[in-house]
Amino acid sequence: LLTSRAFVSALRRKGNVRAQMSILGLEVRDSATFFDLLAAPTGGRSIDMEAFVDGCLRLKGSPSSMDVQSITLQTQAIQRSIQAMREHVESRFAMLEDDFETPKESGGSRELASMLWGSSDSVVFVPV
């Protein structure tokens, strides 16, 4: 298995590794990020030879306009999903705020006060 540390070290120490990758059309400007991209499909901290080769083939060359468009569409879909989730959470918080700001006239705390003091008429409720 190849770890990120070993990959970065090999690129620093062995100029022939970087040169060989360049010959294959793999320009490695940031070795740690490059390794992260190789390991992304498995989500691991190390990769086997097959994952390394597959990743290098995937990262070889410049992205096509179709690749860029695909990523743009995926990013826009994620943004819409996050916005919908944000709006949902904000509306739920607004409902909670309304619940806390509006004193309950029946049941709830008035009922508890009447149990404790015998009557809720003598208890003054101050909204927090």
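Tutor: Buried means under 20% relative accessible area and exposed means over 50%, with partly exposed in between; keep this in mind as we go through the model, which is a predicted one.

Student: Why is Glu90 called partly exposed?

Tutor: The relative accessibility of Glu90 is 41%, and because partly exposed covers what lies between under 20% and over 50%, Glu90 counts as partly exposed. Arg86, at 47% relative accessibility, also counts as partly exposed.

Student: What makes the meeting of the Glu90 and Arg86 side chains a salt bridge?

Tutor: A salt bridge requires a side-chain nitrogen of Lys or Arg within 4 Å of a carboxyl oxygen of Asp or Glu. For Glu90 and Arg86 the N to O distance is 3.3 Å, so the pair satisfies the cut-off of within 4 Å. A search of the whole structure finds one salt bridge.

Student: Why are Glu90 and Arg86 separated by about one helical turn?

Tutor: Both belong to helix H5, which spans residues 65–101, and because they are four residues apart in this helix, about one helical turn separates them.

Student: Why are H3 and H4 called roughly perpendicular?

Tutor: Helix H3 (residues 31–39) and helix H4 (residues 49–59) pack at an angle of about 110 degrees, and their axes are 8 Å apart. Because angles from 65 to 115 degrees count as roughly perpendicular, the two helices H3 and H4 are described in that way. On the H3 side the contact is made by Phe34, Leu37 and Leu38, while H4 contributes Ala51, Phe52, Gly55, Cys56, Arg58 and Leu59.

Student: What makes one residue of that contact polar and one charged?

Tutor: The contact of H3 with H4 divides into seven nonpolar residues, one polar and one charged. Among the contact residues are Gly55 and Arg58 of H4; because Gly counts as polar and Arg as charged, these two account for the polar and the charged member.

Student: Which residues make up the largest nonpolar core, and which helix gives the most to this core?

Tutor: The largest nonpolar core has twelve residues, namely Phe7, Leu11, Met21, Leu26, Val28, Phe34, Phe35, Leu38, Ala39, Ile47, Ala51 and Cys56. Helix H1 (4–13), H3 and H4 each supply at least two residues of this core, and H3 gives the most, with four.

Student: How much of the protein chain counts as buried?

Tutor: Of its 128 residues, 15% count as buried, in a chain that has six helices and two strands.

Notes
Residues are numbered from 1 along each chain as its sequence is written. This is a predicted model: local features need pLDDT of at least 70, side-chain atom pairs count only at pLDDT 80 or more; totals for chains, interfaces and linings use all residues. Side-chain values use heavy atoms; hydrogens and water are left out. Buried means under 20% relative accessible area, exposed over 50%, partly exposed in between (1.4 Å probe, protein chains only). Axes are lines fitted to C-alpha atoms, for helices over the stretch in contact, and angles run from 0 to 180 degrees between N-to-C directions. Angles under 35 degrees count as roughly parallel, over 145 as roughly antiparallel, 65 to 115 as roughly perpendicular and the rest as oblique. Contact means heavy atoms within 4.5 Å. A nonpolar core is a set of buried Ala, Val, Leu, Ile, Met, Phe, Trp, Tyr and Cys residues joined through side-chain atoms within 4.5 Å.
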